[in-house]
Amino acid sequence: HRAYVPSTKELVEIAKRADTVARRQGVSGALVGGLVMQFFGSPRLTKDVDFIADAMVDLTPQFRRGRIISFGGRVYTGSVADVDWIVRADEYAELYEDALRGAGKSDEGFLVVTPEHLAVMKFAARRPKDYDDLMYLLGKRGLVDTKRALNSVHRFLGGRFAVDEFKAAIDEARWRTRKEES
């Protein structure tokens, strides 16, 4: 199923199934990643469903148990898409815990991280696709409260240097938006 890109509808159904199993086990999880980018209007496609959570879950038999995630969590493999169940056990654990506490309920019934937390997570990830997502989030007018995001950057990612780098990303996203509009 690696060449197949599931539809948003298929991914939402997978997210609902995983969320239902987690809640039955008393675990709180919130959606992050590419599917949330789609909720925020991004055209980016994704092949998996990512959750951050306060504890591990057992998503079998709905999904097959896959590899352990190096920074905390497990990948569960499904017939249409994988579910990455992320329980950070590294220097970003507090950011993810804060994002889970701040998550809001989606129309579909599961928790979704705020655009501010998602922007900070994308900034911290430092991968090219995450930087592209960050540019989208920061470039979409009215989506990200940059003051709240900057507060989280300062609090969770290392103070002044990280804040200055995030401000530079905000400036770049605004520049890109102006360029596209002209």
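Start by selecting Ala 15, which is buried with a relative accessible area of 0%. This is a predicted model, so every stop on the tour is a place in a computed structure. Ala 15 sits in helix H1, residues 8-24. Now show its surroundings: leaving out residues up to four places away in sequence, Ala 15 touches Leu 31, Leu 35, Val 49, Phe 51 and Phe 110. Pick Phe 110 from that group and draw a distance between the C-alpha atoms: Ala 15 and Phe 110 are 95 residues apart along the chain, yet the separation is 8.0 Å.

**Zoom out to the whole chain**

Colour by secondary structure next. You should find 7 helices and 7 strands, and following the sequence gives the pattern α-β-α-β-β-β-β-α-β-β-α-α-α-α. Along its principal axes, the C-alpha trace spans about 50 × 35 × 30 Å.

How does the radius of gyration sit against that of a compact globule? A compact globule of 182 residues would come near 16 Å, and the protein has 16 Å, so the two agree.

Switch on a contact map if your viewer has one. Taking contacts between residues at least 6 apart in sequence, 62% join residues at least 24 apart. Buried residues make up 52% of the 182 in the protein. With a surface displayed, the accessible area comes to about 9500 Å², and carbon and sulfur atoms account for 50% of that.

**Select helix H3**

Highlight residues 93-102, which form helix H3. Its buried residues are Ala 93, Leu 95, Tyr 96, Asp 98, Ala 99 and Leu 100. What do these buried residues pack against? Bring up strand E1 (29-32), E2, E5, H4 and helix H6 (146-157), and you have the partners.

**Step across to His 117**

From H3, move to His 117 in helix H4. Is this histidine, His 117, buried or exposed? His 117 counts as buried because its relative accessible area is 7%, and the cut-off for buried is under 20%. Setting aside neighbours within four places in sequence, His 117 is in contact with Leu 95, Asp 98, Ala 99 and Ser 152. Leu 95, Asp 98 and Ala 99 are among the buried residues of H3 that you have just highlighted.

**Follow the loop to Ala 89**

Now select Ala 89, in the loop between E5 and H3. Ala 89 is exposed, with a relative accessible area of 68%. Beyond neighbours within four places in sequence, Ala 89 is in contact with Phe 71 and Gly 72. Gly 72 lies 17 residues away along the chain, and its C-alpha atom is 5.0 Å from that of Ala 89. Keep Phe 71 selected for the last stop.

**Finish at the largest pocket**

Run your pocket display and go to the largest pocket, with a volume of about 510 Å³. Among its 24 lining residues, the closest to the centre are Asp 50, Phe 71, Ile 86, Arg 127 and Asp 130, so Phe 71 turns up again here. To see where the lining comes from, show strand E2 (48-53), strand E5 (82-86), helix H4 (115-125) and helix H5 (128-139), each of which supplies at least two residues. Which element gives the largest share of the lining? That is H4, with 5 residues.

Finally, colour the lining by residue class: 11 are nonpolar, 3 polar and 10 charged.

Methods. Residues numbered from 1 in each chain as written. Predicted model: local features only at pLDDT ≥ 70, side-chain atom pairs only at ≥ 80, totals over all residues. Heavy atoms only, no water. 1 Å grid on protein atoms, 1.4 Å probe; cavity = no way out; pocket = protein on both sides within 12 Å on 5 of 7 lines; lining within 4 Å. Points joined across faces, edges and corners; volume = space filled by probe spheres on them. Helix = DSSP H or I, 4+ residues; strand = E, 2+ residues; numbered from the N terminus. Nonpolar A, V, L, I, M, F, W, Y, C, P; charged D, E, K, R; others polar. Rg over C-alpha atoms; globule rule 2.2 N^0.38 Å. Buried < 20%, exposed > 50% of the residue type's maximum accessible area, 1.4 Å probe, protein only. Contact = heavy atoms within 4.5 Å. Areas by Shrake-Rupley, 256 points an atom, 1.4 Å probe, with all protein chains shown as cover.
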